[in-house]
2 protein chains.
Amino acid sequence: MSGRLTVIGLGPGNADQVTPQAANAVAEASFFYGYKPYLDRLELRDDQIRIASDNREELARSNEALSKAAEGHSVAVVSGGDPGVFAMAAAICEAIEAGPAEWRAIDLSVVPGVTAMLAVAARIGAPLGHDFCAISLSDNLKPWDLIELRLLAAAGAGFVIALYNPISKARPWQLGRAFECLKAILPGITPVIFGRAAGRPDERIEVFLLADADAEKADMSTCIIIGSPETRIIRRGERPALVYTPRSATGSKR
Amino acid sequence: MSGRLTVIGLGPGNADQVTPQAANAVAEASFFYGYKPYLDRLELRDDQIRIASDNREELARSNEALSKAAEGHSVAVVSGGDPGVFAMAAAICEAIEAGPAEWRAIDLSVVPGVTAMLAVAARIGAPLGHDFCAISLSDNLKPWDLIELRLLAAAGAGFVIALYNPISKARPWQLGRAFECLKAILPGITPVIFGRAAGRPDERIEVFLLADADAEKADMSTCIIIGSPETRIIRRGERPALVYTPRSATGSKR
């Protein structure tokens, strides 16, 4: 008897940014697995059950959720933002690949959402308006050297860079080190956006120049966008400045 | 008298994937500018007016929309997917920067949406589960050499690559050439996803290996995701295969 598992993206945190598809998927599931702050966003009925876990336990959470679904239940695993971007969809796939054959028979679906970099970008203009990349700055699951290599490759080729998981208590120095790497190859006037809790009541979106970017201003809820050499700032007097990356590029920096 | 301009992301095309924030923004605007297929998705009232334009006229459309807003009207510019990803938000910012000072006083907001690569990824598993980049394959606004440089930099550093604007009548050879470039440095068994019209009735999601990827199978509505050397395929018998990129990476390919 194989049940159903839906990996649901709840968007950046504002209820207005949850798609109807995600809301419907929440209404249809019986058991909800996820990191507690994401589960806390849900308004569940009395017959719907939450099973919270910590944010470093993605694989254990996936195994539990898949076991429950394999028993024939309707299970949801929730992520903030989009579940396919540094979130639960990959953990579920890893667990399916390593798990018992019956897990491959589960009716799996993934419901996409607005991921953090899109929400932050929307609040400041269009910094992702040209070629860009997304890098998780967490070295829990990959070596730091590989992160530096990717930062340098991306900046050197003119990509705008969105950094996820920039900092945490267990990873205090990585963001500062990333800025140091990038300062070696990007102009000091490159715009850097610190986007915290975009769309939520405690939102804080700030723009710095790379030369002045201070890693200590970021926290776990911050998504950082580092411009390319083409990225521009438009001053607007009393209105907040806009940051955008033009649609055209000359490639003359190389 | 300065009005209001909202750049609205309508998501991949399924009404279930339009956020409430986007739906509310549509309800509040009076004049709608956009590429006709996106305007056609809207259910407007009799008092709301559409002004359609072609998909190569982003800057002219932006100027028209900003002029209308500067007259004091409530104006919407609509994009499919997310307006900040190879779409109208950057064109609006370009027009503001080049335009009259009064355009900087317009109340501008951007409403994010689910961009194509997220919708495609959700339908196949989690191919964007690790570091990734998004590249527009259109050489209308940047030189082809720069696109090749970015493809090689991204693939060489282990990024998954999402390609937007892969092909059109005016750009028939670029996608095939991109595959040739990538074949030189990625394994022939690298998964390549052709995701067309994700979430819409005419959806078609297909997985090939890079060695067999045929550019002619793509069209203007296709978003292409090229795996990294870490990206894996999970066969599931009668169910469609899953494609995912694990959260961990060793960096051993370099």
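**Figure 1. Polar contacts where the two domains of chain A meet.** Start with the count: two residue pairs are in polar contact between domain 1 of chain A and domain 2 of chain A, both partners being at pLDDT 80 or more. Sorted by class, the side of domain 1 of chain A that touches domain 2 of chain A brings five nonpolar, four polar and two charged residues. How many salt bridges does the rule find across this interface of domain 1 and domain 2 of chain A? It comes back with zero. Keep in mind for this view and the ones below that the model is predicted.

**Figure 2. How domain 1 and domain 2 of chain A sit against each other.** The domain assignment splits chain A into domain 1 (4-114) and domain 2 (117-244). Their C-alpha centres are 28 Å apart, and the contact draws on 11 residues from domain 1 of chain A and 13 residues from domain 2 of chain A. About 790 Å² is buried between the two domains of chain A, with carbon and sulfur atoms giving 62% of that area. Which three residues supply more than any other three of the area that domain 1 of chain A buries against domain 2 of chain A? They are P12(A), R56(A) and F86(A), and together they supply 54% of it.

**Figure 3. A look at the backbone of F86(A), and at N165(B).** F86(A) turns up again here, as one of the three residues named for the domain 1 side of the chain A domain contact. This residue is found in the loop between β4 (74-79) and α4 of chain A. Its phi is near 50°, so F86(A) has a positive value without being a glycine. Most residues other than glycine have a negative phi. Over in chain B, N165(B) is not a glycine either, yet has a positive phi of about 50°. Where is N165(B) placed? Look in the loop between β8 (160-164) and α7 (174-183) of chain B.

**Figure 4. The interface of chain A and chain B.** Here 74 residues of chain A are in contact with 74 residues of chain B. The two chains bury about 6,300 Å² between them, and 59% of this is on carbon and sulfur atoms. For polar pairs, the rule finds 32 residue pairs in polar contact across the interface of chain A and chain B, with both residues at pLDDT 80 or more. Which element of chain A gives the most to the side that touches chain B? That is helix α4 (residues 88-98) of chain A, with seven residues. Broken down by class, the side of chain A that touches chain B holds 42 nonpolar, 16 polar and 16 charged residues.

**Figure 5. Salt bridges, between chains and within chain A.** Searching the whole structure gives 30 salt bridges over all chains, and the rule finds 12 across the interface of chain A and chain B. One salt bridge between chains pairs R247(B) with E58(A), where the closest N and O atoms are 3.7 Å apart. Inside chain A, D107(A) and R4(A) meet through their side chains in a salt bridge, at 3.7 Å from N to O. This pair connects distant parts of the chain, 103 residues apart: D107(A) belongs to strand β5 (residues 107-111) of chain A, and R4(A) to strand β1 (residues 4-9) of chain A.

**Figure 6. Strand β7 meets strand β7 across the chains.** Strand β7 (residues 132-136) of chain A and strand β7 (residues 132-136) of chain B run antiparallel and are joined by three bridges. What stands opposite C133(A) in β7(B)? It is C133(B).

**Figure 7. A three-stranded open sheet in chain B.** The strand order is β6-β13-β12 (chain B), and the pairing is mixed. Because β6 (125-126) and β12 (232-236) of chain B are at the edges with a single partner strand each, one side of each has no neighbour in the sheet. β6(B) pairs in the parallel sense with strand β13 (residues 239-244) of chain B, over two bridges. To find a bridge in this view, go to A126(B), whose partner in β13(B) is Y244(B).

Technical notes. Residues are numbered from 1 along each chain as its sequence is written. Chains are lettered from A and ligands numbered from 1 in the order in which they are written. This is a predicted model: local features need pLDDT of at least 70, side-chain atom pairs count only at pLDDT 80 or more; totals for chains, interfaces and linings use all residues. Side-chain values use heavy atoms; hydrogens and water are left out. Contact means heavy atoms within 4.5 Å. Buried area is the accessible area (1.4 Å probe) that two parts lose on being put together, summed over both. A salt bridge is a side-chain nitrogen of Lys or Arg within 4 Å of a carboxyl oxygen of Asp or Glu. A polar contact is a pair of N or O atoms within 3.5 Å; within protein, one must be able to donate a hydrogen and the other to accept it, and residues adjacent in sequence count only if both atoms are side-chain atoms. Helices (H or I, at least four residues) and strands (E, at least two) are DSSP runs, numbered from the N terminus. Ala, Val, Leu, Ile, Met, Phe, Trp, Tyr, Cys and Pro count as nonpolar, Asp, Glu, Lys and Arg as charged, and the others, Gly among them, as polar. Two strands pair if DSSP finds at least two bridges between them. Domain bounds come from an automatic or database domain assignment.
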